[in-house]
Amino acid sequence: MDSYVAVIVFGLVSIATILLTYVASRRMELRLRERLAGVAAAEAGVRRLLDELPEAVMLLDAEGRVLSANASATELCGVEPTALIRSFFLDLFDGADRDELRAGWRRAMAGEIVEPAPIRLVGDDASVLVEATFHRARNPDSDGSDDSERAAEDPGAPDQRGGNRRMVLRLRDLSEREQHSRALQQARRRFQQAFHSAPTGMALVRIDDGRIVDANQSLAEMLGVEIDQLVGHTLREFTHPDDVRAAVPHRARLELGIVDSYRLDQRYLRSDGEFVWARTRVSLTEDEGTMLAITHIEDVTEQKRTAEQLTFAANHDELTGLPNRSSLMSLLSERLDGAPPSSVAVLFVDLDHFKVVNDSLGHGVGDELLSMMAGRLRSVVRDHDVLARFGGDEFIV
């Protein structure tokens, strides 16, 4: 009887133990599932975060195989994710860059800091310039320590914790920057071509010290010098002192940003000592952080001379070269305007019997007589007096 009871009690204890073990295992299973679900959710979140990154990111094993890659990486490489995973990352790049890239990868695996390097991805249609950056990936159970010397000898060797070292490779697309750089270089070439082939003189002048950094052949010929005699010097050295002073307020307004350009006529000294008149147009530009003044210098000496001749002809008598009636009346109005009484005197002079000379000896002789009379009157008036031909044989002082 006692043995029978003992058997029953032992059976009940066994059943209870089994039930408790089952309940405990179920609880552990639920907890494990919850943890796995949490890990999966976290991994999915990380995956979404990585896929949203604008830069391409790849996780490499110690042998250089791609363990995982985000959406930007597969798009940049132009391959399907299944084709990218387990491939060697070096095969993705141009053969000329592989040695440098391999050396950078080994140095990064050894714990060295490797500067980002521009390399080319090889695609089906064309290559893409990217910037590659390596980052050591820590194992989850690692304390951050590593044996750099051993890693340098064998990047694939396991670390002190027993895991294999992994590497994160970041790729930044530089194709847009490369296109911008090419466009900028092309624009610079076009500017240089236009600059040096321009029919008018041109110079690039530094704003800070006023020195010429470049000049074209037209400007050198205008001033009768060689280009190397201009570069390194200032335009002030070739400009008439009065015109240098006249340009100061214009230049100040330009440097302060009040205006973006200005124009004025200036005189420039030639190598033969003569001055040439030039219409100068100045505007600002920037080249690699240096502010430059683009200076157009157009020779207008002939235009100035022609304009002066036209102005002189409009205001002077052709025969005697004296101011004509129109010019005289303008000058007389200026002298009388606000002048004290009796401070301005007007003398009217004519030549008696001049008509007889014209009729008997001809107008040529009459013109000579008028010229002689103008010369005689010039010799007796003072420097501040005004002598003018009023018309015919009439003069006014």
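Contact here means heavy atoms within 4.5 Å, and that is the sense in which a helix lies across strands below. With that in hand, helix 8 (residues 241-255) lies across strand 6, strand 8 and strand 9, and runs at about 160° to strand 8. This is a predicted model. The chain has 397 residues, and 29% of them are buried. Its secondary structure adds up to twelve helices and 13 strands. If you take the contacts between residues at least 6 apart in sequence, 46% of them join residues at least 24 apart.

**The five-stranded sheet**

- Five strands make an open sheet in the order 7-6-10-9-8, and the pairing is antiparallel.
- Strand 7 and strand 8 (261-269) sit at the edges, each pairing on one side only.
- On average, neighbouring strands in this sheet are turned by 30° against each other, ignoring direction.
- At one end of the order, strand 6 (residues 201-206) and strand 7 (residues 212-215) run antiparallel and are joined by three bridges. Ala203 has Ala215 in strand 7 as its bridge partner.
- Strand 6 and strand 7 form a hairpin, with five residues between them. The turn holds Gly210, which has a positive phi of about 75°.
- At the other end, strand 8 and strand 9 (residues 275-287) are joined by nine bridges and also run antiparallel. Here Tyr268 stands opposite Val276 in strand 9.
- Besides helix 8, there is helix 9 (residues 301-315), which lies across strand 8, strand 9 and strand 10 (290-299). Helix 9 runs at about 130° to strand 9.

**The three-stranded sheet**

- Another open sheet has three strands in the order 11-13-12, with antiparallel pairing.
- The edges are strand 11 (348-350) and strand 12 (388-391), each of which pairs on one side only.
- Neighbouring strands here are turned by 35° against each other on average, direction ignored.
- Three bridges hook strand 11 up to strand 13 (residues 394-396), and the two run antiparallel. One pairing to look at is Val349, whose bridge partner in strand 13 is Phe395.
- Helix 10 (residues 325-336) lies across strand 12 and strand 13, at about 120° to strand 12.
- Helix 12 lies across strand 11, strand 12 and strand 13, and runs at about 20° to strand 13.

**Helix 11 and its partner**

- Helix 11 (residues 354-361) and helix 12 (residues 363-380) have axes that come within 7 Å and cross at roughly 140°.
- From helix 11, Phe354, Val357, Asn358 and Leu361 take part in the contact, and they meet His363, Val365, Gly366, Leu369 and Leu370 in helix 12. Sorted by class, that makes six nonpolar, three polar and no charged residues.
- Phe354, Val357 and Asn358 are the buried residues of helix 11. Looking down the axis, these buried residues fall within an arc of 95°, so they line one face of helix 11.
- That buried set packs against helix 12, while Lys355, Asp359 and Ser360 on the other side of helix 11 are exposed.
- Gly362 follows helix 11 and has a positive phi, near 100°.

**Nonpolar cores**

- A bit of background: in soluble globular proteins, nonpolar side chains tend to be buried together.
- The largest nonpolar core has 27 residues, and the members touching the most others are Met58, Phe89, Phe93, Leu169 and Leu171.
- At least two residues of this core come from each of strand 1 (56-60), strand 2 (66-69), helix 2 (71-77), helix 4 (95-109), strand 3 (117-121), strand 4 (128-137) and strand 5 (166-173). Helix 4 gives the largest share, four residues.
- Phe89 is worth clicking on in the viewer. Setting aside neighbours within four places in sequence, Phe89 is in contact with Leu60, Gly64, Val66, Leu101, Trp105, Phe134 and Leu169.
- Apart from this largest core lies another one, of 23 residues, with Leu223, Leu235, Ala247 and Ala278 among them.

Conventions: Residues numbered from 1 in each chain as written. Predicted model: local features only at pLDDT ≥ 70, side-chain atom pairs only at ≥ 80, totals over all residues. Heavy atoms only, no water. Axes fitted to C-alpha atoms, helices over the stretch in contact; angles between N-to-C directions. Nonpolar A, V, L, I, M, F, W, Y, C, P; charged D, E, K, R; others polar. Pairing = 2+ DSSP bridges. Core = buried A, V, L, I, M, F, W, Y, C linked by side-chain atoms within 4.5 Å. Buried < 20%, exposed > 50% of the residue type's maximum accessible area, 1.4 Å probe, protein only. Arc of directions from axis to C-beta.
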